[in-house]
Amino acid sequence: DKGKLGVEGTSYGGQLTNWLITETTRFAAAIPMAGISNLVSFNYMAYYHDYLAVEYGRYPHENGLMDTLWQRSPLRQVHKAKTPTLIMHGENDNDVPIEEAEQFYIALHDVGVETLMVRYPREGHGLRETRHVADALERSIGWYRKYFR
């Protein structure tokens, strides 16, 4: 059912969710959690700042990689996003700093996408507290119910 197609993911899945909603309007709703939205800022804020150097074989300041990272960042393409998006992120995430979610939330809001951001206190890269896990599940179901035809 094309009217009930959603996309969600955590960590790299959250990054991919962010990217997908800037490339297609096929999804009725999206839920990224702990996803990167800006590969450039991520490189300089994350605890694991060597991640991109390992993945690309060089640092962002070398051989034009900075431009490539920006080209591949969901934030750069946000003007194409239309999918209602529920962003969830742990406030103490050292793997993907919460600023990645904040940037994307503000950008989606600025381009007129229906968006909501939920910050989970004390949580890192993924939810651990039972209350937070239950809250995220309830919010996800509610988000899909709201946007699935």
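Which residues line the largest cavity? Keep that in mind as you go; the tour reaches the answer after a walk along the strands.

**Before you start**

You are looking at a predicted model, in which local features need pLDDT of at least 70, side-chain atom pairs count only at pLDDT 80 or more, and totals for chains, interfaces and linings use all residues. Residues are numbered from 1 along each chain as its sequence is written, and side-chain values use heavy atoms, with hydrogens and water left out.

**Stop 1: strand β3**

Select residues 85-90, which make up strand β3. Helices (H or I, at least four residues) and strands (E, at least two) are DSSP runs, numbered from the N terminus. Six of the six residues in β3 are buried, where buried means under 20% relative accessible area, exposed over 50% and partly exposed in between, with a 1.4 Å probe and protein chains only. Now show the side chains: Thr85, Ile87 and His89 point one way, while Leu86, Met88 and Gly90 point the other way.

**Stop 2: the neighbours of β3**

Add residues 29-33, strand β2, which runs parallel to β3 and is joined to it by two bridges. Strands pair here if DSSP finds at least two bridges between them. To see where they meet, pick alanine 30, which stands opposite threonine 85.

Next add residues 115-120, strand β4, also parallel to β3 and joined to it by six bridges. Threonine 85 turns up again here, opposite threonine 115. Follow the chain from β3 through helix α5 (residues 99-110) to β4, and you trace a right-handed β-α-β crossover. Right-handed means that, with the strands pointing away from the viewer, the path from the first strand over the helix to the second runs clockwise.

**Stop 3: the largest cavity**

Here is the answer to the opening question: select Asn18, Pro32, Met33, Ala34, Gly35, Ile87, Met88, His89, Ala101 and Phe104. They surround a volume of about 40 Å³. On a 1 Å grid over the protein atoms alone, a cavity is a set of points where a 1.4 Å probe fits but cannot get out, a pocket is an open set with protein on both sides within 12 Å along at least five of seven lines, and lining residues have an atom within 4 Å of a point. Grid points are joined across faces, edges and corners, and a volume is the space filled by probe spheres set on the points.

Strand β3 gives the largest share of this lining, three residues.

**Stop 4: the largest pocket**

Now select Ser11, Tyr12, Gln15, Ala34, Ile36, Phe42, Tyr48, Tyr51, Asp95, Val96 and His125, which line the largest pocket. About 150 Å³ of space lies in this pocket.

**Stop 5: an aromatic pair**

The structure holds three aromatic pairs. One of them joins tryptophan 143 and tyrosine 147, a tilted pair at 4.9 Å centre to centre with 55° between the planes. Rings of Phe, Tyr and Trp (its six-membered ring) pair if their centres lie within 6.5 Å; planes under 30 degrees apart count as stacked, over 60 as edge-to-face and the rest as tilted. Because tryptophan 143 and tyrosine 147 are four residues apart in helix α6 (residues 130-147), about one helical turn separates them. Tryptophan 143 is buried at 7% relative accessibility, and tyrosine 147 is buried at 18%.

**Last stop: phenylalanine 27**

Finish in the loop between α1 (12-23) and β2, where you will find phenylalanine 27. Is phenylalanine 27 buried or exposed? At 14% relative accessibility, phenylalanine 27 counts as buried. Show glycine 6 as well: the C-alpha atoms of phenylalanine 27 and glycine 6 are separated by 5.1 Å, although the two are 21 residues apart along the chain.
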